[in-house]
Amino acid sequence: MSNFWDNIINIFRPSNKISSVHFNSLRGQIVHWNDSGNYQTYNLLPNAISFPSDFWQKVTEIHRHTSGDKHERAINVWWADGDVVVTHSVRGEASKVNIPKQSIKVSYKQVSATSQYAEKIVKVDANVYSKKTVPLRELKNKKRVVVQFLFNMHTHPPHTDSNSQDGRSGSWYSFFSETDIRSFLSSNASVTGLVTDKLWILIKTDLTPKVFPEISESDLSPDTLTTVFNFKVYSGDLGRMVIVHRPEISGSQADK
Ligand SMILES: [Zn+2]
């Protein structure tokens, strides 16, 4: 009886059926894919990915900055010994890409000589990014402090033409450009992202081509990124999890 009602409820809440993988548990694989250039099989990648709340806080803040001054931001996602760190910098004008190099440093310092706690300090380019207190016993068996670059993303600003693409007024966002995809394909990165009013995540698979295929920029869409480029394509509202895009594959014939 209870099974019956569970099923009925699930019909009205389809998102309940998608089990997500937390980003922190993908972190080791991302580093491996980036280093080895061997990417995962499509079906072995998760269908949904959830992110920690401080990741979303930072992404939402960067989205707000881009909406405010209409400048693209380059976003770097790092692993700072147990925490996901998101940094950003202005990417310049729409046609000009300029991403300054950044560095991340993680250090632990005992709060006082007798304290059982240490302060974990994350610095980005010598500026303090975050501080938190951790129990000393957690550091006892630490062999090394792990700081890793994971992937980059960028923002696209909203366009507010009166004649927007869909004929309605209001703002719209451009999708991944040919330049975005070309630079992703030519890099070792296994993951990239785009922040509009949504978060888009692309993960390379073992079938992703090394060079840009014969396709025009106007044909770049979640469908073609999945079927032509063999990326696993995810999207989601800011602050929610990202869910895999299911491409529409169709064929048709008219009678003669
Ligand atoms: Zn772009």
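The exercises below, each with a worked solution, concern a predicted model.

**Exercise 1. Overall make-up**

State how many helices and strands the protein has, what share of its residues is buried, and what share of its contacts is long in sequence.

Solution. Begin with the secondary structure, which comes to 5 helices and 12 strands. Next take burial: of the 256 residues in the protein, 23% are buried. Finally, consider contacts with a separation of 6 or more; residues 24 or more positions apart account for 58% of these.

**Exercise 2. Helix α3**

Compare the span of α3 with the expected one, and determine how its buried and exposed residues are placed around the axis.

Solution. Helix α3 covers residues 53-69, which is 17 residues. From the first C-alpha to the last it reaches 25 Å, and this is close to the 24 Å expected at 1.5 Å a residue. The buried residues of α3 include V59, I62, H63 and T66. Viewed down the axis of α3, the buried residues fall within an arc of 105 degrees, so they line one face of the helix. On the face turned away from that buried side are the exposed residues S53, Q57, R64, G68 and D69. Just after α3 comes K70, with a positive phi of about 65 degrees.

**Exercise 3. T60**

Classify T60 as buried, partly exposed or exposed, and list what T60 touches outside its sequence neighbourhood.

Solution. T60 is found in helix α3. There are 19 or fewer neighbours to count in the partly exposed class, since 20 or more would make a residue buried and 12 or fewer would make a residue exposed. T60 has 13 C-beta neighbours inside 10 Å, so T60 counts as partly exposed. Leaving out residues up to four places away in sequence, T60 touches L238 and G239. A further pair spans much of the chain: T60 and D197 are 137 residues apart in sequence, with their C-alpha atoms separated by 9.0 Å.**Exercise 4. Strand β9 and its partners**

Describe the burial of β9, then identify the strands that pair with β9 and the sense of each pairing.

Solution. Strand β9 runs over residues 191-195, and 5 of its 5 residues are buried. In a regular strand, side chains alternate between the two faces of the sheet. In β9, V191, G193 and V195 point one way, while T192 and L194 point the other way; all are buried. Now take the partners. Strand β8 (residues 147-155) is joined to β9 by 4 bridges, and the two run parallel. In this pairing, L194 of β9 is the bridge partner of H154. Strand β10 (residues 198-203) pairs with β9 in the antiparallel sense over 5 bridges. Here T192 has L202, in β10, as its bridge partner. The connection between β9 and β10 is a hairpin through 2 residues.

**Exercise 5. The largest nonpolar core**

Give the number of residues in the largest nonpolar core, name those with the most contacts inside it, and find the element that supplies its largest share.

Solution. The largest nonpolar core has 40 residues. Those with the most contacts inside this core are I49, I75, V77, V195, I201 and L202. The largest share of the core, 6 residues, comes from strand β3 (residues 72-80). L202 can then be followed further: setting aside neighbours within four places in sequence, L202 is in contact with F184, T192, L225, F231 and V233. One of these, T192, is also the bridge partner of L202.

**Exercise 6. The sheet β5-β6-β7**

Work out the strand order, the edge strands and the average turn between neighbouring strands.

Solution. The sheet is open and has 3 strands in the order β5-β6-β7, with antiparallel pairing. β5 (104-110) and β7 (127-135) each have a single partner strand and stand at the edges, so one side of each is left without a neighbour in the sheet. With direction ignored, neighbouring strands of this sheet are turned by 20 degrees against each other on average. Between strand β6 (residues 117-124) and β7 there are 8 bridges, and the two run antiparallel. In one of the pairings, E119 has T133 of β7 as its bridge partner.

**Exercise 7. Positive phi in two loops**

For D81 and D125, report phi, the loop and the exposure class.

Solution. Take D81 before D125. Phi of D81 is near 45 degrees, a positive value in a residue other than glycine. D81 is found in the loop between β3 and β4 (83-92). With 19 C-beta neighbours inside 10 Å, D81 counts as partly exposed. Turn to D125, where phi is near 50 degrees, a positive value in a residue other than glycine. The loop that holds D125 lies between β6 and β7. D125 has 13 C-beta neighbours inside 10 Å and therefore counts as partly exposed.

Methods: Residues numbered from 1 in each chain as written. Predicted model: local features only at pLDDT ≥ 70, side-chain atom pairs only at ≥ 80, totals over all residues. Expected span 1.5 Å × (residues − 1). Arc of directions from axis to C-beta. Core = buried A, V, L, I, M, F, W, Y, C linked by C-beta atoms within 7 Å. Contact = placed C-beta atoms within 7 Å. Pairing = 2+ DSSP bridges. Axes fitted to C-alpha atoms, helices over the stretch in contact; angles between N-to-C directions.
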